[in-house]
Amino acid sequence: MVLAQLGGSISRALQQMSNATIIDEKVLNDCLNEITRALLQSDVQFKLVRDMQTNIKKIVNLDDLAAGHNKRKIIQQAVFNELCKILDPGKPAFTPKKGKTSVVMFVGLQGSGKTTTCTKYAYYHQKKGYKPALVCADTFRAGAFDQLKQNATKAKIPFYGSYTESDPVRIAVEGVERFKKENCDLIIVDTSGRHKQEAALFEEMRQVSEATKPDLVLFVMDSSIGQAAFDQAQAFKQSVPVGAVIVTKMDGHAKGGGALSAVAATKSPVIFIGTGEHMDEFEIFDVKPFVSRLLG
Ligand code: GDP
């Protein structure tokens with residue numbers, strides 16, 4: 001897996017530095033450059049990596065390193081802390097409470113895994129004793145409602161949508177109202193995506209968000225979009241109040257770096273990752289284990 005390769009490169013860079021007899025600025029710079037290269041290859045945004053490098057240089061004291069302290073450990077700890085800092089925006093995401101209605105709106109580009117992730121999120125909470133429901137407010141993509149219906153039926157989760165209504169705002173509002181009446185405590189609204197970040201997509205999202213007043217807007221991002229992650233996440237955040245991120249397709253060729261960019265761009269935490277096409281291939285995202293894995 002790519003994350004493991006990244007961990008390997010960083011560990012190697014740290015090991016090489018540890019092996020050096022004298023730790024001077026050059027040895028430290030070489031090590032940091034190596035780490036930078038590994039992070040960039042893993043799609044961490046250039047600016048984040050550069051800032052991280054500057055911070056580490058400020059934190060790591062060359063005199064301490066020269067005095068025979070465990071150099072590898074000092075730098076590794078600094079890299080670990082910096083990566084954790086990027087991934088932790090400092091405020092936890094909204095969490096739905098059982099027995100109290102919450103509306104969660106999903107946004108993301110077409111193909112990001114949004115519809116699949118809506119069901120995974122609903123299914124995850126259903127297993128924890130919530131009463132979730134799914135609303136398909138995607139009237140743009142033909143087949144979106146059928147897909148959600150199929151997923152929802154499989155997971156035995158109530159759903160709402162229409163084959164004829166073309167106004168996504170209307171469907172969203174109707175769906176939310178219906179499930180509020182049915183005492184569902186987690187109403188999930190799947191919105192439309194587009195292939196590109198287009199004005200029409202953002203306007204539609206904004207309208208759905210204003211009409212349904214979600215407690216949480218969840219931005220779904222495909223981990224394989226690489227360096228585009230930052231700009232994409234930022235564009236969504238500028239249109240709707242994104243409060244948390246889910247990174248999909250972390251299986252396969254996933255590069256973990258996009259997660260760091262999405263957090264930095266939205267100032268919201270990653271709360272789950274998608275690790276496959278199946279309903280239960282969905283994991284809670286924890287910063288420290290993720291970074292530990294990243295570092296190998
Ligand atoms: P949407 O257009 O954003 O609603 O995307 P879909 O939910 O239709 O997903 C697009 C494709 O990605 C489908 O083939 C999904 O099965 C697949 N997919 C979604 N999440 C994951 C994931 O975490 N891992 C993998 N491997 N595939 C996923």
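This is a short walk through a predicted model of one protein chain, from the overall picture down to a few individual residues.

Okay, so let's start with the whole thing. We have 296 residues, and 52% of them count as buried. On the secondary structure side, the chain comes to 12 helices and 8 strands. If you line the C-alpha atoms up along the principal axes, they fill a box of roughly 70 × 40 × 30 Å. The surface comes out at about 13,700 Å² exposed, and carbon and sulfur atoms supply 51% of that.

On charges, there are 38 positive side chains and 32 negative ones. The centres of those two sets lie 3 Å apart. And for the contact people in the room: take contacts between residues at least 6 apart in sequence, and 77% of them join residues at least 24 apart.

Now, the inside. Which residues have the most contacts inside the largest nonpolar core? Those are Ile35 and Phe236, in a core of 71 residues. Helix α5, residues 71-87, gives the most to this core, with 8 residues. There's also a second, separate core of 25 residues, and Phe106, Ala152, Ala244 and Phe282 are among its members.

Let me stay with Phe236 for a moment. Setting aside residues up to four places away in sequence, Phe236 touches Val107, Gly108, Leu109, Gln197, Leu201, Phe202, Met205, Phe219 and Val242. Phe236 is also one of the buried residues of helix α10, which runs over 229-239. The others buried there are Ala229, Phe230, Gln232, Ala233 and Ala235. What sits over them? The cover includes β1 (102-107), α9, β5 (216-222), β6 (242-248) and α11.

One of those Phe236 partners deserves its own look, and that's Met205. You'll find Met205 in helix α9, residues 199-212. Why does Met205 count as buried? Because its relative accessibility is 2%, and the cut-off for buried is under 20%. Leaving out neighbours within four places in sequence, Met205 is in contact with Met105, Val107, Thr191, Phe236, Ser239 and Val240. Phe145, for comparison, is 60 residues away along the chain from Met205, and their C-alpha atoms are separated by 17 Å.

On to helix α11, residues 257-266, since it came up as part of the cover for α10. This helix is mostly covered, with 9 of its 10 residues buried. Those are Gly257, Gly258, Ala259, Leu260, Ser261, Ala262, Val263, Ala265 and Thr266. Just past the end of α11, Lys267 has a positive phi of about 55°.

That brings me to backbone angles. As a rule, most residues other than glycine have a negative phi. Here, though, Lys156 has a positive phi, near 55°. Lys156 lies in the loop between α7 (144-154) and β3, and at 69% relative accessibility it counts as exposed. Lys249 also has a positive phi, near 60°. Its place is the loop between β6 and α11, and Lys249 is partly exposed, with a relative accessible area of 37%.

Next, strand β2, residues 132-137, which holds Val135. Is Val135 buried or exposed? Buried, with a relative accessible area of 0%. The contact list for Val135, neighbours within four places aside, is Leu148, Tyr160, Ile171, Ala172, Gly175, Val176, Phe179, Ile187, Ile188, Val189 and Asp190. Arg178 is 43 residues from Val135 in sequence, and the C-alpha atoms are 9.9 Å apart.

Ile171 turns up again with Gly161, which is found in the loop between β3 (159-160) and α8 (168-181). Apart from neighbours within four places, Gly161 is in contact with Cys136, Phe145 and Ile171. Gly161 and Asp138 are 23 residues apart in sequence, with 8.6 Å between their C-alpha atoms.

Last stop is the annotation. An unreviewed UniProt entry puts "domain: SRP54-type proteins GTP-binding" on residues 269-282. In the model, that stretch is 0% helix and 43% strand, and its end C-alpha atoms are 16 Å apart. Phe282, from the second core, is in there too.

That's my tour, happy to take questions.

How values were computed
Residues are numbered from 1 along each chain as its sequence is written. This is a predicted model: local features need pLDDT of at least 70, side-chain atom pairs count only at pLDDT 80 or more; totals for chains, interfaces and linings use all residues. Side-chain values use heavy atoms; hydrogens and water are left out. Helices (H or I, at least four residues) and strands (E, at least two) are DSSP runs, numbered from the N terminus. Buried means under 20% relative accessible area, exposed over 50%, partly exposed in between (1.4 Å probe, protein chains only). Contact means heavy atoms within 4.5 Å. Accessible areas come from the Shrake-Rupley method with a 1.4 Å probe; for residues, only the protein chains shown count as cover. Lys and Arg count as positive and Asp and Glu as negative; His and the chain ends are not counted. The place of a charge is taken as NZ of Lys, CZ of Arg, CG of Asp or CD of Glu. A nonpolar core is a set of buried Ala, Val, Leu, Ile, Met, Phe, Trp, Tyr and Cys residues joined through side-chain atoms within 4.5 Å. UniProt positions are given in the numbering used here, feature names are shortened, and annotations may be inferred rather than shown by experiment.
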